[in-house]
Amino acid sequence: MKTLSLLSLGASLLLFAPLLAPARAQVHPPPGSGFTWERVGNIGIDADALAFGPDSLGRPGRYILWAAGNEGIYRYDDSVSPPLGRWVILQPDPRYQQSADEILPLGPDTLLVVRTEAFRSTDGGYTFELVSGDFHNGHAALAEIPPGVPNAGRLLLGDYAGYPSASDSKYSDDRGATWTRSAVPPRNANVDIVVLPAGSPWAGRVVAAANPGIMLSDDGGASYNWGSESAGSLLLALTEQPDLSEWPRVVSAGGTWTWWSDDGGETWEGRETSPGLTSARHLLSLGGPSLLKIHYRGEVQRSDDGGETWETLGRAPVEDEGNVSAKSAVLGPDGRLYVGVLRPGPDDEWVYRTEERLVPVAAEPSPEAPSGLRLDVSPNPAQGEAEVSLVLARPGMASVALYDGLGRRVAVLHEGTLTAGRHVIPFYGADLPAGVYVVRAAVEGESVAEHLTLAR
């Protein structure tokens, strides 16, 4: 397909439509179909945002599910009342009005929440302090620049203003204690943010979905320029290319369309990929070239080719009538999909999760591949430095990367062709927090993984 900018795509949608392959209408699945759904927690809660973060209760190797919405901030505790667990409501600063649209756990001690003001907690959510205010709208974006790239650890905040010349894009270099306003072009309204990780030719570049279009920053979010302009580019995610030749791909979704860029967000291709379904609401990376797209009425779609084609898998328990929607979605460290649902009736707001795993659990190492591909990490546990030993039975294109306990790719250790035999790849992780990680090697369609515990 011809590569075109999002500006051309948005302005000439009708002109280019005859050139695009006709998209097959998607079947609108009934509520709850395709998966076995179970409720999370002992009560229904309003969850405009869901996020997993490092455990705030001091339990090693565990992760906490956080929720935020109109009614306040919640921490999920699965150690009581199994299997449902319970939601613990937190009491934020009285000025906060107990509402939030976005939540970002940074560690056991630091939690950021945003609506019309940004608040930070440094005691696991028990108390909050105001760190930034005067937002034009509550629909904000929060992100952290990953390790191994320029400005690592910097926090990024964007405000979906919803009208021209209104922007509150900001950045913080002190874990959210203070914020500096970014320089942005007119009509910016930041909705979603991804940062291209180490190993990419554009490592550290910030790609922001704005209204309208895509903004790019090569100085860690201090300033942005328009990359491409198009109405409807609201959601962003990163994927890996199946052949490892161009990594990573940036994928954007809005309405029933999907766009993708293989050059760091500078040029894009796109087509309507979800005809007949409601507008896309959430876009989640599954690892490799795979993605999940959750639509407004809860339809769940999966792509295994970087967003070019999609298959409808089923639907969250979201009804068709009234003010109901899939308000939030996140992939858990257990490999399952979690969705915050607004439904009619007395039990109108609940968080659900699938019993099925959509991705392998990141902390589970894989056995030796059938071809004889072998992986070993030593010393393990390690204190900042380790060696990764990779044995190939035959030459091939190899990718070796480090993933955290949530399945997020945090470092690239090797990318390129390797000969048959044993290869030793050094690893330096002094800037990474302590915890359990996974080293995963992919060679010519096969993969193998091993635990790596970083100690301090």
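# Strands, salt bridges and rings in a predicted model

Y338 is buried, with a relative accessible area of 4%. This residue offers a starting point for a reading of the structure, which is a predicted model, and the account below moves from its aromatic partner to the sheet around it and then to other parts of the chain.

## Aromatic pairs

Among the 5 aromatic pairs that the structure holds, one brings together F35 and W37, whose ring centres lie 5.6 Å apart with the planes at 70°, so this pair is edge-to-face. F35 counts as buried at 12% relative accessibility, and W37 likewise counts as buried at 14%. Y338 takes part in another edge-to-face pair, with F52 as its partner, the two rings being 5.2 Å apart from centre to centre and their planes 80° apart. Because F52 belongs to strand β2 (residues 49-54) and Y338 to strand β27 (residues 337-342), this pair ties together parts that are 286 residues apart in sequence. F52 is buried, its relative accessible area being 12%. Elsewhere, Y74, Y76 and W87 form one aromatic cluster.

Rings also meet charged side chains in this model. R39 lies over the face of W350, 4.0 Å from the ring centre, and the charged end of K293 sits over the ring of W310, at 4.4 Å from the centre of that ring.

## The four-stranded sheet

Strand β27, which holds Y338, belongs to an open sheet of 4 strands with antiparallel pairing, in the order β1-β28-β27-β26. The edges of this sheet are β1 and β26, and since each of them has a single partner strand, one side of each is left without a neighbour in the sheet. From one strand to the next the twist averages 30°. Strands of a sheet pair through backbone hydrogen bonds, in either a parallel or an antiparallel sense. Here, β1 and β28 pair in the antiparallel sense over 4 bridges, and within this pairing R353 in β28 is the bridge partner of E38.

## Salt bridges

The contact between E38 and R353 is also one of side chains, for the two residues form a salt bridge whose closest N and O atoms are 2.7 Å apart. This salt bridge links distant parts of the chain, with E38 in strand β1 (residues 37-40) and R353 in strand β28 (residues 349-354), 315 residues apart. How exposed or buried are the two partners? E38 is partly exposed, with a relative accessible area of 21%, whereas R353 counts as buried at 7% relative accessibility.

The count for the whole structure comes to 13 salt bridges, and the table sets out three of them.

| Residues | Closest N to O distance |
|---|---|
| E38 and R353 | 2.7 Å |
| D304 and R302 | 2.9 Å |
| K327 and E349 | 3.9 Å |

In the salt bridge between D304 and R302, D304 counts as partly exposed at 43% relative accessibility, and R302 counts as partly exposed at 25%. The salt bridge between K327 and E349 joins a residue of strand β26 (residues 325-331) to a residue of strand β28, so this pair ties together parts that are 22 residues apart in sequence. K327 is buried, and E349 is buried as well. Through salt bridges that share partners, E38, D334, R336 and R353 are joined into one network.

## Strand β30 and its partners

Further along the chain, strand β30 (residues 385-392) is largely enclosed by the rest of the structure, because 6 of its 8 residues are buried. Which strands pair with β30, and in what sense? Strand β29 (residues 374-378) pairs with β30 in the antiparallel sense over 5 bridges, and strand β33 (residues 421-428) pairs with β30, also in the antiparallel sense, over 8 bridges.

In the pairing of β29 with β30, L375 stands opposite L390 in β30. These two strands form a hairpin with 6 residues between them, and in the turn G384 has a positive phi of about 95°. In the pairing with β33, V391 stands opposite R422.

Definitions and conventions. Residues numbered from 1 in each chain as written. Heavy atoms only, no water. Buried < 20%, exposed > 50% of the residue type's maximum accessible area, 1.4 Å probe, protein only. Pairing = 2+ DSSP bridges. Salt bridge = Lys/Arg side-chain N within 4 Å of Asp/Glu carboxyl O. Axes fitted to C-alpha atoms, helices over the stretch in contact; angles between N-to-C directions. Phe/Tyr/Trp six-rings, centres within 6.5 Å; stacked < 30°, edge-to-face > 60°. Lys NZ or Arg CZ within 6 Å of the ring centre and 35° of its normal.
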